[in-house]
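Colleague: I am new to this structure, so please take me slowly through its interior, with a close look at the enclosed space and at what surrounds it.

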Amino acid sequence: MPKWLDNAVFYEIYPQSFLDTNADGIGDFQGIINKLDYIRDLGFNALWINPCFLSPFGDAGYDVADYYTVAPRYGTNEDLKRLFAEAHKRGIHVLLDLVPGHTSVEHPWFRESMKPERNEYSDRYVWTDSVWEAPENMGCLRALSQRDGSCAVNFFTCQPALNYGYYNRTRPWQQSPEDEGPRATLEAMMDVMRFWLTMGCDGFRVDMAMSLVKNDPDGLGTIALWQKVFNVLEREFPEAAMVSEWGEPEKSLQGGFHMDFLLHFGPSHYNDLFRCQEPYFSDRGLGDASKFVERYLESREKAGKDGLICIPSGNHDMTRLAKHVEGEEKKLAFTFLLTMPGAPFVYYGDEIGMRYVENLTSVEGGYERTGARSPMQWDSCVNAGFSAAPKEKLYIQQDPAADRPTVAQQLPDPDSLLNFVKQLTQLRQAHPALQNRGGIHFVSNGAPKQALAYEREQAGEKLLVAMNPFREAVAFPYSGKLGEALFTFGGAASQKGEAVQLPPVSAVIYRLD
Ligand code: NOJ
């Protein structure tokens, strides 16, 4: 388990939309390098960069055409290597996005695989043995070539599924994960990892990590596959960190992943907190965090104590945090995100409350996700400082609102969301109990109109974190004794007998004696 994960706080960068330094309307590696000081000063010490490899961009780069070469629009492999080195100089680790489940239809492996003559790549993808048979429960590509078969797709139809075998096999063309084809696919993906890890990257966020072995209802085949991968990685790259897009920590962490994300889909009740009609972090007080808490504790119990359950502020697939959680409510949401165990992940722009841009035409397979991928708002210059290109050339349109938030406006304002986030990341770094591996014990579970409160503990330090998003004061039973206040927003807590009362819309962190 890489030691650096003990206090890693991640910042997710969608490279298209971060900073454009060559005025072509799209972000680039140099843009990320230019902003590394900003990222470090905000208290982040790790990055996740969305896919940046050669691609026809039918799905924003999640349709890879060459795993070994970066897309020229971002720079060169050398530039990416320089980015790793510049990040490391500042104590920042960098995860790339690995897409092992599928490639683009333009990948040379797929071109070879489409040929009717058998070759090295015939079994690299999931093919049926007749064009008239489609793989069950999956989309497929048919009649793209003279190969007699249908090829399963893993996500969009531009993303043919790589072949890691089937767990339950009912048809002759379904291979076992132990067959030669699936083993070669896995070995090819291991080589991709080796290549970038050797070049200086610190690990991967793994796209659709749960999707590899097919017909695997309980994930047992996919878990076994990842265990194999981790046996090798731990030997060859013991400091490499891996986070899965899986959303079920009890499975992914068993597979060997160091971290798993809670997602806007799956069983975690993540949406109850930030992304539903009545999110818990709304001052209406109608939201309910209790199912989230219940499920979170269950996952922690089942996943064991070593792996990290990571809660993101958002990502490139969800609406923006600011769409459902407004004004000061966002500060309470960040108090939660930055004081929970597991490594926090903050999506670029969420630290200034960037809005979801409504009604955008889809760009590169973004569809409704496009509004959460608009270019970063740095300052009040043209294109909010994102790019010197003409406005019409920007990769995605920016938030047109006159009062759109910017970094330049928030940096000098002590009450800004940006400085709030910074204050909390600093507090987290200063207190082991708040960090990624510390224990957690909920004392109020965030039922409607109730506080969300938990004790955090590590290395002899014990703290109480409590939040009340509701616009009225609330109290919860608590017999522990509050000590020094390390952090208060919206007023201090008061303790009367066996109860703690929180003012309306407030968040506090106390040392416990
Ligand atoms: C999940 C990624 O986050 C998403 O953006 C992508 O479209 C799919 N996986 C397919 O790779």
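Modeller: A cavity here is a set of grid points where a 1.4 Å probe fits but cannot get out, and its volume is the space filled by probe spheres set on those points. The approach rests on a simple idea, that rolling a probe the size of a water molecule over the atoms shows where empty space is left. Please keep in mind that what you see is a predicted model.

With that in hand, the structure turns out to hold three cavities of 30 Å³ or more, and the largest cavity has a volume of about 50 Å³. Its lining is made up of G247, P249, L262, S268, F292, R295, Y296 and S299, and helix 9, which runs over residues 290–303, supplies the largest share of that lining with four residues. Sorted by class, the lining of the largest cavity has four nonpolar residues, three polar ones and one charged one, the charged one being R295.

The second largest cavity encloses about 40 Å³, and the residues lining it are F110, W127, L141, R142, A143, L144, S145, R147, G149 and C151. Six of these lining residues are nonpolar, two are polar and two are charged, and the charged pair is R142 and R147.

The ligand has its own set of neighbours, namely D59, Y62, H102, F155, R205, D207, M208, E245, H316, D317, R369 and R373. By class, this shell contains seven charged residues, together with three nonpolar and two polar ones. Among the charged residues, D59 places a polar side-chain atom 2.6 Å from an oxygen atom of the ligand, while for R369 the corresponding distance to a ligand oxygen is 3.0 Å, and for R205 a polar side-chain atom lies 3.1 Å from an oxygen atom of the ligand. As for how far the ligand is covered, taken alone it exposes 300 Å², and the protein buries 98% of that.

One further interior residue completes this look, namely Q377, which sits in the loop between strand 12 (345–347) and helix 12 (407–410). Q377 counts as buried because its relative accessibility is 0%, and buried means under 20%. A polar atom of the Q377 side chain lies 2.7 Å from the backbone oxygen of P405.

Notes
Residues are numbered from 1 along each chain as its sequence is written. This is a predicted model: local features need pLDDT of at least 70, side-chain atom pairs count only at pLDDT 80 or more; totals for chains, interfaces and linings use all residues. Side-chain values use heavy atoms; hydrogens and water are left out. On a 1 Å grid over the protein atoms alone, a cavity is a set of points where a 1.4 Å probe fits but cannot get out, and a pocket is an open set with protein on both sides within 12 Å along at least five of seven lines; lining residues have an atom within 4 Å of a point. Helices (H or I, at least four residues) and strands (E, at least two) are DSSP runs, numbered from the N terminus. A residue is near a molecule or strand if one of its heavy atoms lies within 4 Å of it. A polar contact is a pair of N or O atoms within 3.5 Å; within protein, one must be able to donate a hydrogen and the other to accept it, and residues adjacent in sequence count only if both atoms are side-chain atoms. Accessible areas come from the Shrake-Rupley method with a 1.4 Å probe; for residues, only the protein chains shown count as cover. Buried means under 20% relative accessible area, exposed over 50%, partly exposed in between (1.4 Å probe, protein chains only).
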